[in-house]
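Biologist: I'm new to this one. Could you show me how to read its features, one at a time?

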Amino acid sequence: MISMWGAFKAYWKNYVNFTGKATRAEYWWMQLWGMIILVGWLIVAIALLIGTFATKHFSFASWTDFTNSFNNSNPGGPMLYAFIGWLIFGLLLALAMVIPSFSLSIRRYRDAGLKTWAVWVLWALGFLANGYISIKNGDAKLTVSTAITIIEFIVTLLPTANLAQVGWIGHGDTTKPNQPNNNRSLDEQSDQDEL
């Protein structure tokens, strides 16, 4: 089984690997890493934000002086610049994690046993459900978004090759990722299954 640190290294090592497999441990360790990074980033962001307003508020005698200070050339001082820098750092970190997170999800779906086309359809539905449908108003659309998110969650919980023998969505390869005899790629396996 992969360790937490090993999952973190594999996450960055497989930055654009969309063809392999990722075990449940690798996937969920990285989800934990993501939450740790997010919580740590939020704690620092909140501290900087509080520091920015605390230094502004306590350095003035009245609320009017405080609000008028935003018209000055240096409205927040170094704490505001540190907060803005931290926001930019967070944005760059989030952008850097988009592709490997996408890659990890695709590899996890493959490991659960889905064929290549089913992996991409599930990901596309999840992307549309969470990115497009949720923005639009309507309870039915929210229900569809929630249902697709639940399906994605269930697939990430499934053991290795659990869906491999399931009719038209399973890839048919029931070997584990670290077992010998796993020489053929999933695309080759899918092509031979369809013949």
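Modeller: Sure. Keep in mind that this is a predicted model. Let's start on the outside: Val16, Tyr81, Ile84, Ile88, Leu91, Leu92, Leu95, Val98 and Ile99 make up a nonpolar surface patch, and together they have about 870 Å² of accessible area.

Biologist: Where does valine 16 sit, then?

Modeller: Valine 16 lies in the loop between α1 (4-13) and α2.

Biologist: And is valine 16 buried or exposed?

Modeller: The idea is to look at relative accessible area, where exposed means over 50%. Valine 16 comes in at 55%, so it counts as exposed.

Biologist: Okay, on to charges. How many salt bridges does a search of the whole structure find?

Modeller: Two. In general, you look for a side-chain nitrogen of Lys or Arg within 4 Å of a carboxyl oxygen of Asp or Glu. Here, one salt bridge joins the side chains of arginine 107 and glutamate 26, at 3.1 Å from N to O. That pair links distant parts of the chain, 81 residues apart: arginine 107 belongs to helix α4 (residues 77-112) and glutamate 26 to helix α2 (residues 24-58).

Biologist: Why do arginine 107 and glutamate 26 count as buried?

Modeller: Buried means under 20% relative accessible area. Arginine 107 has 1%, so it is buried, and glutamate 26 is buried too, with 8%.

Biologist: Which residue forms a salt bridge with aspartate 111?

Modeller: Arginine 108, with the closest N and O atoms 2.4 Å apart. Aspartate 111 and arginine 108 are about one helical turn apart, because they are three residues apart in helix α4. Both aspartate 111 and arginine 108 are buried.

Note on methods: Residues numbered from 1 in each chain as written. Predicted model: local features only at pLDDT ≥ 70, side-chain atom pairs only at ≥ 80, totals over all residues. Heavy atoms only, no water. Helix = DSSP H or I, 4+ residues; strand = E, 2+ residues; numbered from the N terminus. Buried < 20%, exposed > 50% of the residue type's maximum accessible area, 1.4 Å probe, protein only. Patch = residues over 30% accessible without salt bridge, like charges linked within 9 Å, V, L, I, M, F, W, Y side chains within 5 Å. Areas by Shrake-Rupley, 256 points an atom, 1.4 Å probe, with all protein chains shown as cover.
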